[in-house]
Amino acid sequence: MNITVNSANTIAAANTGGAENALEIKGLTKRYPSFCLDRIDLTLPMGCVMGFIGENGAGKSTTILSILGAIRQDSGSVHILGQDTAQGIPLPLKEHIGVVFDECCLPETLNLKDINGIMQTAYRTWNSKTFFRHVHRFFLDETKRIKDYSRGMKMKLSIACALSHDSRLLILDEATSGLDPVTRDELLDLFYEFIQDDRHSIFMSSHITSDLEKICDYVAYIHKGKLLLCQEKDALLQRMGILKCSEDLFREIDPAAVHGRRTTAFGIEALVERQKVPAGFTVEHASLDDILIYLVKTDKPHA
């Protein structure tokens, strides 16, 4: 089933005044025996945040690993901060990319002073003052080994490292998953501060759409290896809504306005484009969760 929000299969996020883009992906394809990442196209303008959403196994991690050059794509291109990475990410460019995965990748027998020493040799742009400022902000114990940290503390440490070497692009792969709401809110505040510099951008994979609604400028949704949408978040939320009505009234709705529907004991609930629904019908607010659920879990559209 080919589900789209607009007539095109994907909608590239609009560039901003011809400025350099933080991330450009064109035709990115990676084939496995039982899965295919299928011609992904998306653009993240400089100074913006993009939420990258999809269920487990949809292709989010494959996309991120391809962006980082950790796996070799079969076709397509990736440009990071204006540079082609076909031959790998050049070392000078790596100085400006901060990466945080859903698990802490630092050796667990080390403490913060050890980490600072290692990072000083790994990054020419490493700033110890910045690192320890984040450490103190997060109340991380400098004497403890990483293995004695909680999951939340480990994620805070990973983010502190990503922000301490002149990063201009943050790539976050489920960095807030499994964290309590207070910790997530604390990290979102930090991301807000980071993005205040219009040279900074964030590409953020997450299952927590409420977080993305708070911080993202754009949202990209991947399903079974295909990009179903990539669009400005506010425009998407304004354009789409949830219609609830009887079966008989639903027949009056233009099928082109409907992007997903389900039958309940009380009638029909449908994801619709507000402007295409006739006057007199009540259309409720649709959250990102609503939009994503209706796009992939839907009854057959009416005739």
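**A four-stranded antiparallel sheet and its helix**

Strand β4 and strand β5 (residues 83-84) pair in the antiparallel sense over 2 bridges; two strands count as paired if DSSP finds at least two bridges between them. Helices (H or I, at least four residues) and strands (E, at least two) are DSSP runs, numbered from the N terminus. The model is a predicted one, in which local features need pLDDT of at least 70, side-chain atom pairs count only at pLDDT 80 or more, and totals for chains, interfaces and linings use all residues. Residues are numbered from 1 along each chain as its sequence is written, and side-chain values use heavy atoms, with hydrogens and water left out.

The bridge partner of His79 in β5 is Asp84. The two strands β4 and β5 form a hairpin with 2 residues between them, and Leu81 in the turn has a positive phi of about 50°.

Strand β4 (residues 75-80) also pairs with strand β1 (residues 21-32), in the antiparallel sense and over 5 bridges. Within this pairing, Lys26 has Ser77 of β4 as its bridge partner. Strand β1 is in turn joined to β2 by 8 bridges, and these two run antiparallel; Glu24 has Thr43 as its bridge partner in β2.

Together, the strands make an open sheet of 4 strands in the order β2-β1-β4-β5, with antiparallel pairing. Because β2 (35-45) and β5 stand at the edges, each with a single partner strand, one side of each is left without a neighbour in the sheet.

Helix α1 (residues 60-67) lies across β1, β2 and β4, where contact means heavy atoms within 4.5 Å. The helix runs at about 115° to β1; axes are lines fitted to C-alpha atoms, for helices over the stretch in contact, and angles run from 0 to 180 degrees between N-to-C directions.
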